Amino acid sequence: MENNIKKLTQKLESFLQDKNFSEKLQNVDDEDLNPLIGQVNDLLEEIKKGDDKLNQYKKSLKAQIAVRTDELKNEKESFEIAFWEAQTASNSKSVFLANMNHELRTPLNAIINYSEMLQEEAEDEGLDGFIPDLEKIRSAGRNLLSWVD
């Protein structure tokens, strides 16, 4: 009996070390040990079922992680494209505003200077009725020029 217990103990240690729960313990010629062997075999079967379930969950989680990783990669690429498009739009806007600034500044300066010249001429010629209108033109031009700055 003692030899049988030693063999069973070694076999159980082997199961635990190898994590191979699909093997079964064999009945021995000792009727007192055989019910215990049956119960150990039942426990090994339960452990194997639990281990199989864990492996299924592990595979399922790996698949879910792979899918989510792909989704995140796609989202990252979409955000990078959107960021690049926003940068491009911002640069285009800056170029447009710089060009518009230049295109508006030149004629506005001409309007301001010409209205000042006409106002001085109107004052010299005594055409006081034109001076308020010329002042409005000059003031509006300066106001618009301040927006361009």
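**Close-up views of a predicted three-helix chain**

**Figure 1. The largest nonpolar core of the predicted model.** The largest nonpolar core comprises 8 residues, namely Leu8, Phe15, Phe21, Leu25, Leu33, Ile37, Val40 and Leu44. Helix 1 and helix 2 each contribute at least two residues to this core, and helix 2 gives the most, with 3 residues. A nonpolar core is a set of buried Ala, Val, Leu, Ile, Met, Phe, Trp, Tyr and Cys residues joined through side-chain atoms within 4.5 Å. Buried denotes under 20% relative accessible area, exposed over 50%, and partly exposed the range in between (1.4 Å probe, protein chains only). The model is predicted: local features need pLDDT of at least 70, side-chain atom pairs count only at pLDDT 80 or more, and totals for chains, interfaces and linings use all residues. Residues are numbered from 1 along each chain as its sequence is written, and side-chain values use heavy atoms, with hydrogens and water left out.

**Figure 2. Surroundings of Phe15 and Asn41.** Phe15, one of the residues of the largest nonpolar core, is in contact (heavy atoms within 4.5 Å) with Asn20, Phe21, Glu23, Lys24, Leu25 and Leu44, leaving aside neighbours within four places in sequence. Asn41 belongs to helix 2 and is buried, because its relative accessible area is 13%. With neighbours within four places in sequence again set aside, Asn41 is in contact with Lys24 and Leu25. Lys24 and Leu25 also appear among the contacts of Phe15.

**Figure 3. Ile5 and Gln10 in helix 1.** Helix 1 covers residues 2-18 and includes Gln10; Ile5 is likewise found in helix 1. Helices (H or I, at least four residues) and strands (E, at least two) are DSSP runs, numbered from the N terminus. Ile5 counts as partly exposed because its relative accessibility is 36%. Gln10 also counts as partly exposed, its relative accessibility being 47%. From C-alpha to C-alpha, Ile5 and Val28 are 9.7 Å apart in space and 23 residues apart in sequence. For Gln10 and Ser146, the C-alpha separation is 94 Å, with their positions 136 residues apart in sequence.

**Figure 4. Lys19 in the loop between helix 1 and helix 2.** Lys19 occupies the loop that joins these two helices in sequence. Its relative accessibility is 57%, so Lys19 counts as exposed. Lys19 and Ala89 are 70 residues apart in sequence, and their C-alpha atoms are 61 Å apart in space.

**Figure 5. Ser115 in helix 2.** Ser115 lies in helix 2, which extends over residues 34-125. Ser115 is buried, because its relative accessible area is 2%. Leaving aside neighbours within four places in sequence, Ser115 is in contact with Leu134, Ile137 and Arg138.

**Figure 6. The chain as context for the close-ups.** The chain contains 3 helices and 0 strands, in the order α-α-α along the sequence. Its C-alpha trace spans about 140 × 20 × 20 Å along the principal axes. The radius of gyration is 46 Å, whereas a compact globule of 149 residues would have a value near 15 Å; the radius is taken over C-alpha atoms, and the globule rule is 2.2 Å times the number of residues to the power 0.38. Buried residues account for 15% of the 149 residues. Of the contacts between residues at least 6 apart in sequence, 48% join residues at least 24 apart. The chain exposes about 12,000 Å², of which carbon and sulfur atoms supply 56%; accessible areas come from the Shrake-Rupley method with a 1.4 Å probe, and for residues only the protein chains shown count as cover. There are 19 positive and 30 negative side chains, and the centres of the two sets lie 12 Å apart. Lys and Arg count as positive and Asp and Glu as negative, while His and the chain ends are not counted; each charge is placed at NZ of Lys, CZ of Arg, CG of Asp or CD of Glu.
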